[in-house]
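Welcome! Below are some short exercises, each with a worked solution to follow at your own pace. Have a look at the model first, then try each task before reading on.

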Amino acid sequence: MDLARTIILLFSVLGFAWWAGTVMKAEGDDKLAEACKPADFATTQLIRVATGLSGFTPQWTVNTRRVLVSGCYYFFSTFLFSHEVDSEASGVRK
């Protein structure tokens, strides 16, 4: 059991590092899209699994996707990338 926890933790840390590197490497609007890619992927897979199990697309999965993805875009655009947008709008380059 300890080996399984160690492997899961290792892959989680590597995945987070890969995601952070991808976000830092992206430019402009692509940075926001890359930041929210995990939320988009997870909710798309949730919809796919729920649709496969039930035979139709449950409304709660669509609402969950809408809330999580729009919340992700709001969070990253407001709190993390707001200083970059302000500096680009004023013409100041860092």
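**Exercise 1. Decide whether Phe 16 is buried, partly exposed or exposed.**

Solution. Start with the relative accessibility of Phe 16, which is 54%. Next, recall the cut-off: a residue counts as exposed when the value is over 50%. Phe 16 therefore counts as exposed.

Now look for a partner. Phe 16 forms an aromatic pair with Trp 19, with 5.6 Å from centre to centre. The angle between the two planes is 45°. Planes under 30 degrees apart would count as stacked and those over 60 as edge-to-face, so this pair is classed as tilted. Both residues sit in helix 1, which spans residues 2-25, and they are three residues apart, about one turn of the helix.

Finally, widen the view. The whole structure has three aromatic pairs, and ring pairs join Phe 16, Trp 19, Phe 75 and Phe 76 into a cluster.

**Exercise 2. Find out how far you can trust the model, and in which helix the mean pLDDT is lowest.**

Solution. Keep in mind that this is a predicted model. The mean pLDDT of the protein chain is 86, and 86% of the residues reach 70 or more. Then go element by element: helix 5 (residues 82-89) has the lowest mean, 58. At the other end, helix 3 (residues 37-54) has the highest, 94.

**Exercise 3. Describe the overall build of the chain: how many helices and how many strands does it have?**

Solution. Count the elements first: there are five helices and zero strands. Read from the N terminus, the order is α-α-α-α-α. Next, turn to burial: of the 94 residues, 16% count as buried. The chain exposes about 7,300 Å², and carbon and sulfur atoms supply 67% of that area. To finish, consider contacts with a separation of 6 or more: residues 24 or more positions apart account for 45% of them.

**Exercise 4. Locate the salt bridges and say which residues take part.**

Solution. A helpful idea comes first: side chains of opposite charge can pair when their charged atoms come close. The structure holds two salt bridges.

One joins the side chains of Asp 40 and Arg 65, at 2.3 Å from N to O. This pair links distant parts of the chain, with Asp 40 in helix 3 and Arg 65 in helix 4 (residues 59-80), 25 residues apart. Asp 40 is partly exposed at 30% relative accessibility, and Arg 65 is partly exposed at 29%.

The other brings together the side chains of Glu 34 and Lys 37, at 3.2 Å from N to O. Lys 37 has a relative accessible area of 44%, so this residue counts as partly exposed.

**Exercise 5. Work out which residues make the nonpolar surface patch.**

Solution. The patch is made by Leu 3, Ile 7, Leu 10, Phe 11 and Leu 14, and covers about 530 Å². Take Leu 10 as a sample member: this residue is found in helix 1. Its relative accessibility is 47%. A patch residue needs over 30%, and Leu 10 counts as partly exposed.

**Exercise 6. Compare Thr 61 and Gly 28: is each one buried or partly exposed?**

Solution. Begin with Thr 61, which is found in helix 4. Its relative accessible area is 0%. Buried means under 20%, so Thr 61 is buried. Leaving aside neighbours within four places in sequence, Thr 61 is in contact with Leu 46, Ile 47 and Ala 50. For a sense of spacing, the C-alpha atoms of Thr 61 and Arg 48 are separated by 9.3 Å, and these two residues are 13 residues apart along the chain.

Then turn to Gly 28, in the loop between helix 1 and helix 2 (29-35). Gly 28 has a relative accessible area of 45% and is partly exposed. As a last step, check the gap to Phe 81: the two residues are 53 residues apart along the chain, and their C-alpha atoms are separated by 9.7 Å.

Methods: Residues are numbered from 1 along each chain as its sequence is written. This is a predicted model: local features need pLDDT of at least 70, side-chain atom pairs count only at pLDDT 80 or more; totals for chains, interfaces and linings use all residues. Side-chain values use heavy atoms; hydrogens and water are left out. pLDDT is the predictor's confidence in each residue, from 0 to 100. Helices (H or I, at least four residues) and strands (E, at least two) are DSSP runs, numbered from the N terminus. A salt bridge is a side-chain nitrogen of Lys or Arg within 4 Å of a carboxyl oxygen of Asp or Glu. Buried means under 20% relative accessible area, exposed over 50%, partly exposed in between (1.4 Å probe, protein chains only). Rings of Phe, Tyr and Trp (its six-membered ring) pair if their centres lie within 6.5 Å; planes under 30 degrees apart count as stacked, over 60 as edge-to-face and the rest as tilted. Patches are made of residues with over 30% relative accessible area and no salt bridge: like charges are joined within 9 Å, nonpolar side chains (Val, Leu, Ile, Met, Phe, Trp, Tyr) within 5 Å. Accessible areas come from the Shrake-Rupley method with a 1.4 Å probe; for residues, only the protein chains shown count as cover. Contact means heavy atoms within 4.5 Å.
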